[in-house]
Amino acid sequence: MTHSLSHADIAFVASVEDGTFPVEDFNHRAHVRLAYAYLVDNNADISNSLVKNALVSLLRFNNIEPYAKYHETLTRAWLLAVHHFMQHTDPCDNADAFIDQNPPLLDSQIMMTHYTKARLFSDEARHAFLEPDLDAIPDYV
């Protein structure tokens, strides 16, 4: 058995992709949910591209300058964290079950165990993925 999506997860992804998901409700949990949803059927590289495209589309649809909000390093680092937890969690049949089984993913400060503040919040990290400077994020090929 592998991780899978519910009908609600599929509808959530569609609403993000088409820009109808309320941008003010797109919180940290929604980011984790989106990463999980794409990782169910794709590898980390493809999922990262899909997440980026979905987020940029959502922002543009809501007349928000995408690159004023979008952060490449945070997006990829969180996707890799979700991927890591998926490798160590019994298969779930929806994103909420997966997130509920992995409460550390809701700790938005977890990246500070991998990155210094200066590196993670630099302009360079916003525009291009930077590897962690404290502790590597496990990557699975």
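Me: Which residues of α3 are buried?
Reply: This is a predicted model. Buried here means under 20% relative accessible area. In α3, the residues that meet this cut-off are Ala44, Ser47, Asn48, Val51, Ala54, Leu55, Val56, Leu58 and Leu59.

Me: Against which helices do the buried residues of α3 pack?
Reply: Contact requires heavy atoms within 4.5 Å. By that criterion, the partners of the buried α3 residues are α1 (7–17), α2 (28–41), α4 (66–69) and α5.

Me: What distance does α3 reach from its first C-alpha to its last?
Reply: Helix α3 has 18 residues, and at 1.5 Å a residue a reach of 26 Å is expected. The value in the model is close to this, at 25 Å.

Me: Is α3 parallel or oblique to α5?
Reply: The axes of α3 (residues 44–61) and α5 (residues 72–87) come within 10 Å and cross at roughly 135°. Angles over 145 degrees would count as roughly antiparallel, and 65 to 115 as roughly perpendicular. The crossing angle therefore makes α3, relative to α5, oblique.

Me: Which residues of α5 meet α3?
Reply: From α3, the contact involves Ala44, Asp45, Ser47, Asn48, Val51, Lys52 and Leu55. By class, the contact has 5 nonpolar, 3 polar and 4 charged residues. On the α5 side, the residues are Glu72, Thr75, Arg76, Leu79 and Leu80.

Me: How many nonpolar residues are in the contact of α1 with α2?
Reply: Ala8, Asp9, Phe12, Val13, Val16 and Glu17 in α1 meet Ala30, Arg33, Leu34, Ala37 and Tyr38 in α2. Of the residues in this contact, 3 are charged and none is polar, and the number of nonpolar ones is 8.

Conventions
Residues numbered from 1 in each chain as written. Predicted model: local features only at pLDDT ≥ 70, side-chain atom pairs only at ≥ 80, totals over all residues. Heavy atoms only, no water. Axes fitted to C-alpha atoms, helices over the stretch in contact; angles between N-to-C directions. Helix = DSSP H or I, 4+ residues; strand = E, 2+ residues; numbered from the N terminus. Parallel < 35°, antiparallel > 145°, perpendicular 65-115°, else oblique. Nonpolar A, V, L, I, M, F, W, Y, C, P; charged D, E, K, R; others polar. Expected span 1.5 Å × (residues − 1). Buried < 20%, exposed > 50% of the residue type's maximum accessible area, 1.4 Å probe, protein only.
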